[in-house]
Amino acid sequence: MNHSEFAAFLKSRRDRIRPADVGLPAGPRRRVPGLRREEVAQLAGLSADYYTELERGRGAQPSAQVLTALARALRLNGDERDHLFHLADRPVPPATHGPAAQVQPALLGLLDRLTTTPAQVITDLHQTLVQNELAAALVGRPPAVRGPAASLVYRWFTDPDARGLYPPEDHPHHSRVFVADLQAVAARRGGDSEVRRMVAALRRRSEEFTALWDTHDVALRRTDHKRIVHPSLGVIELDCHSLFSEDGHQRLLWFSAPPGTEGAAQLELLSVIGMQDMTAGEHSASG
């Protein structure tokens with residue numbers, strides 16, 4: 001690993017980002033042109049001491065997960081992210097290529113500003129790309145898998161554990177909505193190979209999916225009222241909203257509840273308990 005070049009690249013990318021770009025106040029005593037080290041660490045979910053060591057050219061080789069978090073926090077484009085992996089002497093993951101793998105800057109900027117409500121960015125195939133801490137506490141971290149299994153739609157029809165996020169009586173509704181949404185995505189994509197492979201695999205593995213697919217119902221999932229099963233707070237009733245990127249490849253999802261409702265009170269409590277009762281991938285849902 002080229003520690004000195006890696007450190008210099010991190011600093012150069014940090015210096016170019018203004019606090020307003022990531023929803024942070026400039027502050028009257030800011031002495032650096034870009035973000036502070038501790039701010040990058042916070043955005044990447046790392047300790048300030050660990051990030052400081054990286055930028056000083058010290059410490060162990062960062063993992064691929066850390067590199068991905070840094071790339072997102074520093075708003076790296078595809079070429080810059082690949083360069084970061086090369087400097088760290090890590091293989092560039094295949095998922096870093098393609099139109100849906102890199103979070104679109106406009107959605108990422110909005111996500112950074114949604115600090116008091118669960119929010120995340122997903123692909124049109126319901127693969128979670130990035131989420132804030134409240135979303136992770138609400139629906140769990142996405143599983144560390146690739147291929148079709150990275151999609152909640154695929155897991156919904158092939159892995160019974162993926163349905164634990166919602167009460168059993170709500171499962172038929174979500175099945176219908178997922179399939180109708182996938183129909184719309186397949187049409188918009190023009191039946192590209194990724195969608196064709198997913199649909200073919202689901203038809204082989206799930207009679208429920210096949211029956212719903214053959215109804216040809218089509219409807220993008222723009223808004224929905226959901227009941228989410230949380231391990232500590234019980235069932236939380238929330239509204240789920242979607243903001244689509246211009247090309248339709250990605251969506252910003254956020255969850256809300258009307259003021260004064262039990263759901264609103266549960267969201268406030270969620271911000272307090274955070275991830276303390278959650279395990280990685282417990283729900284593994286994209287919303």
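At what angle do α9 and helix α10 pack, and how far apart are their axes? The legends below take that up along with other close-ups of this predicted model.

**View 1. Helices α9 and α10 pack against each other.** The angle between α9 and α10 (residues 193-205) is about 145 degrees, and their axes sit 10 Å apart. Those are the usual two numbers here, since two packed helices are described by the angle between their axes and the distance between the axes. As for handedness, α9 and α10 make a left-handed crossing. On the α9 side, the residues at the contact are L182, A186 and R189. They meet E194, V195, M198, V199 and L202 of α10.

**View 2. Five strands make an open, antiparallel sheet.** Reading across, the strand order is β2-β1-β5-β4-β3. The edge positions go to β2 (128-131) and β3 (223-230); each has a single partner strand, so one side of each has no neighbour in the sheet. From one strand to the next, the twist averages 30 degrees. Helix α9 (residues 171-189) turns up again here, packing on the sheet and touching β3 and β5. The direction of α9 makes about 130 degrees with that of β3. Another helix, α12 (residues 262-273), lies across β3, β4 and β5. Relative to β4, α12 runs at about 90 degrees.

**View 3. Two hairpins involve strand β4.** Let's start with β3 and β4: they run antiparallel and are joined by 8 bridges. The hairpin between β3 and β4 goes through 3 residues. If you want a register marker, V229 has V235 in β4 as its bridge partner. On to the next pair: β4 (residues 234-244) and β5 (residues 250-256) are also antiparallel, with 6 bridges. Here D239 stands opposite S256 in β5, and C240 stands opposite F255. This hairpin has 5 residues between its strands, and G248 in the turn takes a positive phi of about 80 degrees.

**View 4. F157 and F209 meet edge-to-face.** Searching the whole structure turns up 4 aromatic pairs. One of them is F157 with F209, at 5.4 Å centre to centre and 70 degrees between the planes. F157 belongs to helix α8 (residues 152-158) and F209 to helix α11 (residues 207-213), so this pair ties together parts that are 52 residues apart in sequence. Are these two rings' residues buried or exposed? F157 and F209 are both buried. F157 also has a charged visitor: the charged end of R163 sits over its ring, 5.6 Å from the centre.

**View 5. W156, Y166 and F178 form an aromatic cluster.** What links W156, Y166 and F178 is ring pairs. An arginine joins the scene at F178, where the charged end of R221 sits over the ring. The distance from that charged end to the centre of the F178 ring is 4.7 Å.

**View 6. Helix α5 has a set of buried residues.** Which residues of α5 (residues 78-87) are buried? They are E80, R81, D82, L84, F85 and L87. The cover over these buried residues includes α1 (3-15) and α4 (64-73). One backbone detail to look for is D89, just after α5, which takes a positive phi of about 60 degrees.

Notes. Residues are numbered from 1 along each chain as its sequence is written. This is a predicted model: local features need pLDDT of at least 70, side-chain atom pairs count only at pLDDT 80 or more; totals for chains, interfaces and linings use all residues. Side-chain values use heavy atoms; hydrogens and water are left out. Two strands pair if DSSP finds at least two bridges between them. Helices (H or I, at least four residues) and strands (E, at least two) are DSSP runs, numbered from the N terminus. Axes are lines fitted to C-alpha atoms, for helices over the stretch in contact, and angles run from 0 to 180 degrees between N-to-C directions. Contact means heavy atoms within 4.5 Å. Rings of Phe, Tyr and Trp (its six-membered ring) pair if their centres lie within 6.5 Å; planes under 30 degrees apart count as stacked, over 60 as edge-to-face and the rest as tilted. Buried means under 20% relative accessible area, exposed over 50%, partly exposed in between (1.4 Å probe, protein chains only). A charge sits over a ring if NZ of Lys or CZ of Arg is within 6 Å of the ring centre and within 35 degrees of the ring normal. A crossing is left-handed if the near helix is turned anticlockwise from the far one by less than a right angle, and right-handed if clockwise.
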